[in-house]
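Subject: Structure for your review

Dear colleague,

Please find below the structure that I am handing over to you. My notes on it follow directly after.

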Amino acid sequence: MSFLPVFSLETWILLITLIYIFIMYGQWTFEVFEKLGIPGPKPVIYMGTVYYTGDCENAQKYGRIWG
């Protein structure tokens with residue numbers, strides 16, 4: 001028994017490429033704030049800063065405008 005599905009080489013290349021593009025796009029979108037010079041906490045890919053509940057703490061730490 002094989003744990004991986006039996007796909008052709010072209011299908012594996014397509015899947016790997018799509019996963020790579022998906023991950024790279026997620027990282028690229030969060031680098032916009034860094035390029036603009038806006039300080040802020042490091043976001044989680046595709047989740048953003050959802051886990052940062054202390055907006056007041058981040059405002060004190062990073063200033064009035066933070067990404």
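**Findings**

Phe7 is found in the segment before H1. Please note that the model is a predicted one. Phe7 has a relative accessible area of 39% and is partly exposed, because that value lies between the limits of 20% for buried and 50% for exposed. Apart from its neighbours within four places in sequence, Phe7 is in contact with Trp12 and Leu15.

**The chain as a whole**

The chain contains two helices and zero strands. It has 67 residues, of which 6% count as buried. About 6,000 Å² of the chain is exposed, and carbon and sulfur atoms supply 69% of that area. When contacts between residues at least 6 apart in sequence are considered, 28% of them join residues at least 24 apart.

**The annotated region**

In an unreviewed entry, UniProt lists residues 6-25 as "transmembrane region". Over residues 6-25 the chain is 85% helix and 0% strand. The C-alpha atoms at the two ends of residues 6-25 are 28 Å apart.

**Helix H1 and its aromatic pair**

How many aromatic pairs does the count come to? The count comes to two aromatic pairs. Tyr25 and Trp28 form an aromatic pair, with 5.8 Å from centre to centre and 40 degrees between the planes. The pair is classed as tilted because an angle under 30 degrees would count as stacked and one over 60 as edge-to-face. Both residues lie in helix H1, which covers residues 9-36. Tyr25 and Trp28 are three residues apart there, about one turn of the helix.

Tyr25 has a relative accessible area of 48% and is partly exposed. Trp28 likewise counts as partly exposed, at 48% relative accessibility.

**A nonpolar surface patch**

Tyr25 and Trp28 also belong to a nonpolar patch on the surface. The other members of this patch include Ile19, Tyr20, Ile21, Phe22, Ile23 and Met24, as well as Val44, Ile45, Tyr46 and Met47. Together the residues of the patch have about 1,200 Å² of accessible area. Ile23, one of these residues, has its place in helix H1. Is Ile23 buried or exposed, or does it fall in between? With a relative accessible area of 39%, Ile23 is partly exposed. Ile23 can therefore be part of a patch, as patches are made of residues with over 30% relative accessible area.

**The loop between the helices**

Gly40 is found in the loop between H1 and helix H2, the latter covering residues 55-62. At 29% relative accessibility, Gly40 counts as partly exposed. Gly40 and Asn58 are 18 residues apart in sequence, while in space they are 7.5 Å apart, C-alpha to C-alpha.

With kind regards

Definitions and conventions. Residues are numbered from 1 along each chain as its sequence is written. This is a predicted model: local features need pLDDT of at least 70, side-chain atom pairs count only at pLDDT 80 or more; totals for chains, interfaces and linings use all residues. Side-chain values use heavy atoms; hydrogens and water are left out. Helices (H or I, at least four residues) and strands (E, at least two) are DSSP runs, numbered from the N terminus. Buried means under 20% relative accessible area, exposed over 50%, partly exposed in between (1.4 Å probe, protein chains only). Contact means heavy atoms within 4.5 Å. Accessible areas come from the Shrake-Rupley method with a 1.4 Å probe; for residues, only the protein chains shown count as cover. Rings of Phe, Tyr and Trp (its six-membered ring) pair if their centres lie within 6.5 Å; planes under 30 degrees apart count as stacked, over 60 as edge-to-face and the rest as tilted. Patches are made of residues with over 30% relative accessible area and no salt bridge: like charges are joined within 9 Å, nonpolar side chains (Val, Leu, Ile, Met, Phe, Trp, Tyr) within 5 Å. A salt bridge is a side-chain nitrogen of Lys or Arg within 4 Å of a carboxyl oxygen of Asp or Glu. UniProt positions are given in the numbering used here, feature names are shortened, and annotations may be inferred rather than shown by experiment.
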